[in-house]
Amino acid sequence: LHKYLMHELTNADEFINKMHRLIDHYGLTCSAIGKVPDDIDEIKKQYKKTYYAKINKTAYLKLRDDYNADQKNYNLLYLLLVFGFNHMTRFNNSGKFNLPVGNVDWNHNVEKALKNYAEFSNNNKITLYNQDFEDFIDSQNLKQNDFVYVDPPYLITFSEYNKLWNEETEKRLYRVLDRLDKQEIHWGLSNVLTHKGRKNTILLNWLENRNYTVYPVESNYISRFDNTIKEDTKEVFVMN
């Protein structure tokens, strides 16, 4: 997806116009250019938290079916990420994209994010890798005052990809960060201290014995099955 976006966004306006045409083809809403039903205010009153899901459901399911029939069409996949629940990516055991429609819309924020992405990717030399984090770091010939940002799977949450992450991997990551600190290489780490009554004791114990800076992060975790905000989740950003 990133390779696709970096290629497409060499001309951001052209890409956005292409997305507008696809949105029009499927009959989805596009509040960025005022393409919403005339009675949207009444729909919002009736479906306070799910009005866009109500409006876009039929069109979204047609979009999803078309993508699953041709999964090489990244234009359709990107639209699914915009209009799908929580902008997530999920496939079933048969390899079919299966997220339901979200209460979201192609709005000004989507276009602003795309233009910011385009500006960054067009003005920087970016190389994408797919390998173990430690192997990647060791391969980069990092120097003093370089910066590394790490966003690992959160050990105590329940995302699907967490199945590939365990306590030993978590400890290995912190050993790598300690090593980078000794080399005077800067880094930042995103993680959660608590979630749904669980504590990341490995992270807590590690931080207790280090002089790293911990910043609390205001974040809202919303489940597909429960639209309430999870206030007991304490996310942090750690820097050396």
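**View 1. The largest nonpolar core of this predicted model is built from 33 residues.** Look for Y78, W106 and L114 here, the residues with the most contacts inside this core. Several elements each give two or more residues to the core: α1 (2–8), α2 (12–26), α4 (51–69), α5 and α6. Of these, α5 gives the most, with eight residues. If you wonder about the general background, nonpolar side chains in soluble globular proteins tend to be buried together.

**View 2. Here we zoom in on Y78 and its contacts.** Which residues does Y78 touch once its neighbours within four places in sequence are left aside? The partners are Y4, L5, F15, M19, W106, V110 and L114. Two of these names, W106 and L114, should be familiar from the first view, where they are listed with Y78 for having the most contacts inside the core.

**View 3. A second core, of 21 residues, lies apart from the largest one.** Among its members you can find V148, V150, L173 and V176.

**View 4. H87 shows a backbone angle worth a second look.** Most residues other than glycine have a negative phi. H87 is not a glycine, yet its phi is positive, at about 55°. You will find H87 in the loop between α5 (74–83) and α6 (108–123). Is H87 buried or partly exposed? Its relative accessibility is 46%, so H87 counts as partly exposed.

**View 5. E184 also has a positive phi, of about 60°, without being a glycine.** This residue sits in the loop that runs between α8 (167–182) and β2 (186–195). With a relative accessible area of 45%, E184 is partly exposed.

Technical notes. Residues numbered from 1 in each chain as written. Predicted model: local features only at pLDDT ≥ 70, side-chain atom pairs only at ≥ 80, totals over all residues. Heavy atoms only, no water. Helix = DSSP H or I, 4+ residues; strand = E, 2+ residues; numbered from the N terminus. Buried < 20%, exposed > 50% of the residue type's maximum accessible area, 1.4 Å probe, protein only. Core = buried A, V, L, I, M, F, W, Y, C linked by side-chain atoms within 4.5 Å. Contact = heavy atoms within 4.5 Å.
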